[in-house]
Amino acid sequence: KAVEELNGKDLRTDEQKAETKEDEPSENYLLYVGRAQTKAERQREFREKTGQAEAAGVNLYVKNLDESVSDASLRELFEPFGSLTSC
């Protein structure tokens with residue numbers, strides 16, 4: 001029951017909501033709450049969504065980077081760990 005009540009809830013105060021820029025989507029502030037899945041459940045869901053047995057790669061999202069960080073510097077930083085498909 002708690003999962004249903006909390007999933008998708010915006011936990012910001014009214015003041016914080018008022019300070020948010022109008023062009024910023026409110027989805028950025030919604031809480032995600034879900035039941036923990038077993039590894040088998042996650043694998044089955046992945047196969048159903050993608051039709052693949054295993055993940056071809058891993059998506060890594062990096063946030064809050066300084067504006068001076070370029071794609072080239074990110075590639076240089078992450079290429080020692082494997083091939084990159086996009087940056």
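User: Why is Thr 50 called partly exposed?

Analyst: Happy to walk through it, with the reminder that this is a predicted model. Thr 50 has a relative accessible area of 40%. Buried would need a value under 20% and exposed a value over 50%, so Thr 50, at 40%, is partly exposed. This residue lies in helix α3.

User: What does the side chain of Thr 50 have a polar atom close to, 2.8 Å away?

Analyst: The partner is the backbone oxygen of Phe 46, which lies 2.8 Å from a polar atom of the Thr 50 side chain.

User: Now the loop between α1 and α2. Why does Arg 12 count as buried?

Analyst: Arg 12 is found in that loop, between α1 (2-6) and α2 (14-19). Its relative accessibility is 15%. The cut-off for buried is under 20%, so Arg 12 counts as buried. In the chain as a whole, buried residues make up 5% of the 87 residues.

User: What makes you say that Arg 12 lies over the face of Tyr 29?

Analyst: The distance from Arg 12 to the ring centre of Tyr 29 is 4.0 Å. The test asks for CZ of Arg within 6 Å of the ring centre, and within 35 degrees of the ring normal. The 4.0 Å value satisfies the distance part, and Arg 12 is listed as lying over the face of Tyr 29.

User: How do you know that the side chains of Arg 12 and Asp 10 make a polar contact?

Analyst: These two side chains come to 2.6 Å. A polar contact needs a pair of N or O atoms within 3.5 Å, so the 2.6 Å pair of Asp 10 and Arg 12 fits that limit. Asp 10 also lies in the loop between α1 and α2.

User: Which residues is Asp 10 in contact with, leaving aside neighbours within four places in sequence?

Analyst: Asp 10 is in contact with Lys 17, Tyr 29 and Leu 30. Seen from the other side, Leu 30 touches Gly 8, Lys 9 and Asp 10, with residues up to four places away in sequence not counted.

User: Why is Leu 30 described as partly exposed?

Analyst: Leu 30 has a relative accessible area of 39%. Because partly exposed covers what is neither under 20% nor over 50%, Leu 30 belongs there. This leucine sits in the loop between α2 and α3 (39-50). Thr 85 is 55 residues from Leu 30 in sequence and 30 Å away in space, C-alpha to C-alpha.

User: What about Thr 38: why does this residue count as partly exposed?

Analyst: Thr 38, also placed in the loop between α2 and α3, has 44% relative accessibility. With exposed set at over 50% and buried at under 20%, Thr 38 therefore counts as partly exposed.

User: And why does Asn 64 count as exposed?

Analyst: Its relative accessibility is 78%. The threshold is over 50%, so Asn 64 counts as exposed. You will find Asn 64 in the loop between α3 and α4 (71-78).

User: What is there to notice about phi of Asn 64?

Analyst: Phi of Asn 64 is near 60°, which is a positive value in a residue other than glycine.

User: Stepping back, how many helices and strands does the chain have?

Analyst: The chain has four helices and zero strands, and the order along the sequence is α-α-α-α.

User: How does the radius of gyration of the chain sit against a compact globule of 87 residues?

Analyst: The chain has 19 Å, whereas a compact globule of that many residues would have a value near 12 Å. Along the principal axes, the C-alpha atoms fill a box of roughly 45 × 40 × 15 Å.

User: How many aromatic pairs does a search of the whole structure find?

Analyst: Zero. Counting a pair would take ring centres within 6.5 Å, and the search of the whole structure finds zero of them.

Key
Residues numbered from 1 in each chain as written. Predicted model: local features only at pLDDT ≥ 70, side-chain atom pairs only at ≥ 80, totals over all residues. Heavy atoms only, no water. Phe/Tyr/Trp six-rings, centres within 6.5 Å; stacked < 30°, edge-to-face > 60°. Helix = DSSP H or I, 4+ residues; strand = E, 2+ residues; numbered from the N terminus. Buried < 20%, exposed > 50% of the residue type's maximum accessible area, 1.4 Å probe, protein only. Polar contact = N/O pair within 3.5 Å; in protein donor to acceptor, adjacent residues only side chain to side chain. Rg over C-alpha atoms; globule rule 2.2 N^0.38 Å. Contact = heavy atoms within 4.5 Å.
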